[in-house]
Amino acid sequence: MNQLQLLAVILYFAKQSSFSATDPNMTWHRHGIPMFFPHETLKLDKPRFSAKAMLDLTTHCNEECLWKEAHPTLEDLKENLSYETVYTNGTRMLTMVDFPDFDPNTLLVKQYAPRRLRRKRQIFGVDGRFDISGKQFLLHFPFSTTVKISTGCTGVLVSDRHVLTAAHCIHDGKDYVKGAKKLKVGFLQENPKTQKLAKSSKVPPKLLTRWSRVKRTQVPKGWIRSQNDLTMDYDYALLELKRPHDRPHMEITVMPTTDQVAGNRIHFSGFDSDRPGQLVYRFCRIINETPHLIYQHCDAQPGSSGSGVYAKLWLPEKQHWERKIVGIFSGHQWVDLHGVQQDYNVAVRITPLKYAQICYWIKGIYSDCHSH
């Protein structure tokens, strides 16, 4: 696909929406954000950094698994949303959290509904991915918010010094991966040596990757405590850079119900391993969902884990549609229900509690996040 065709595709879907500006159901922005309190911090032993990076995560879920996900206890939520922080010097801390007056029954309870069987994994039918090339795309929003993670995954810029990615890119559920000890984030930038040649060439020049060191990482206990039975529900992590970057970032928000997402579509870009050196963009409809996960058939390959999954949402106060991060691409899951086995590519859904946690990680002040 050439650049004009790609631009036409992007512009077409940018104009697509399922609602008018006055639709009374557009209430996603009214989600109440729980108060998120860190109340106890414990110092842990330094990580061994002995695990191997998992670029291709596949899990299984049955009826029991789906029921537990939809009916968490308050203690389960507190345990899962407690988190580990690891610094560059190897210091590792565990922070226990609380959310006063939060009622687990107020969680968005979205029941998984079996759909038709799909037998292929990761690529579903005709490959629907698009290579993004040319600095006019790669170095501009929204594609410029996508970054490389030195362990082989993808991440998305969510502040001037924070990157959201998948937890399994830096931790296998038992220990931090070897590459997490000196973790870096890669930014695409122009190559000064090829800038002059680019004017006389019809082929867009290759961009360089500029690596920036990570100051600290934060991973929810819900991922770490799942080491005996990996679950995708808490497969996300936040990386803080040593120095701020100068690029636009994409804001995170609570994932609304799918009927409030423009075109019922999600989008994400990543560095898929089968297309080395390329940023790959894709979009697709949401097929199914649970309180924690977004099921879809967006084509993806290892390397795209950690991509920021975004949707176009209507902003009443601004009277326009805007891209917001609503999830993190995790991997592949087989679902067994009532004797029917189906497979999906899966994104971790940003819930009100996860939003409160990630927002606190970014801002460091829970009141700033609660007010949102």
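Which residue lies over the face of Tyr-234, and at what distance from the ring centre? In this predicted model, Lys-354 takes that position, 5.0 Å from the ring centre of Tyr-234.

**Exercise 1. Find a second charge over a ring, this one involving Phe-187.**

Solution. The residue to pick is Arg-210, whose charged end sits over the ring of Phe-187. The distance to the centre of that ring is 4.9 Å.

**Exercise 2. Classify the ring pair Phe-36 and Tyr-360, and locate both residues.**

Solution. Step 1: the whole structure contains 14 aromatic pairs. For Phe-36 and Tyr-360 the ring centres are 5.9 Å apart and the planes meet at 45°. Planes under 30 degrees apart would count as stacked and over 60 as edge-to-face, so this pair is tilted.

Step 2: Phe-36 belongs to the loop between helix H1 (3-15) and strand S1 (37-44), while Tyr-360 is in helix H7 (residues 352-363). The pair therefore ties together parts that are 324 residues apart in sequence.

Step 3: buried means under 20% relative accessible area. Phe-36, with 1%, is buried, and Tyr-360, at 16%, counts as buried too.

Step 4: Phe-36 and Tyr-360 form one aromatic cluster with Phe-99 and Phe-102.

**Exercise 3. Classify the ring pair Phe-130 and Phe-283, and state what it ties together.**

Solution. Step 1: the ring centres of Phe-130 and Phe-283 are 6.0 Å apart and their planes are at 15°, so the pair is stacked.

Step 2: Phe-130 lies in strand S5 (residues 130-132) and Phe-283 in strand S13 (residues 279-289). The pair therefore ties together parts that are 153 residues apart in sequence.

Step 3: Phe-130 has a relative accessibility of 15% and counts as buried.

**Exercise 4. Describe the strand partners of S8 and the burial of its two faces.**

Solution. Step 1: strand S7 (residues 153-157) runs antiparallel to S8 and is joined to S8 by 2 bridges. The connection from S7 to S8 is a hairpin of 4 residues.

Step 2: S8 is also joined to strand S11 (residues 237-241), by 4 bridges, and this pairing is antiparallel.

Step 3: Leu-164 appears in both pairings, as the bridge partner of Val-156 and opposite Leu-238 in S11.

Step 4: in a regular strand, side chains alternate between the two faces of the sheet. In S8 (residues 162-165), His-162 and Leu-164 lie on one side, with Val-163 and Thr-165 on the other. These four residues are all buried, and both faces of S8 are covered.

Methods: Residues are numbered from 1 along each chain as its sequence is written. This is a predicted model: local features need pLDDT of at least 70, side-chain atom pairs count only at pLDDT 80 or more; totals for chains, interfaces and linings use all residues. Side-chain values use heavy atoms; hydrogens and water are left out. Buried means under 20% relative accessible area, exposed over 50%, partly exposed in between (1.4 Å probe, protein chains only). Two strands pair if DSSP finds at least two bridges between them. Rings of Phe, Tyr and Trp (its six-membered ring) pair if their centres lie within 6.5 Å; planes under 30 degrees apart count as stacked, over 60 as edge-to-face and the rest as tilted. A charge sits over a ring if NZ of Lys or CZ of Arg is within 6 Å of the ring centre and within 35 degrees of the ring normal.
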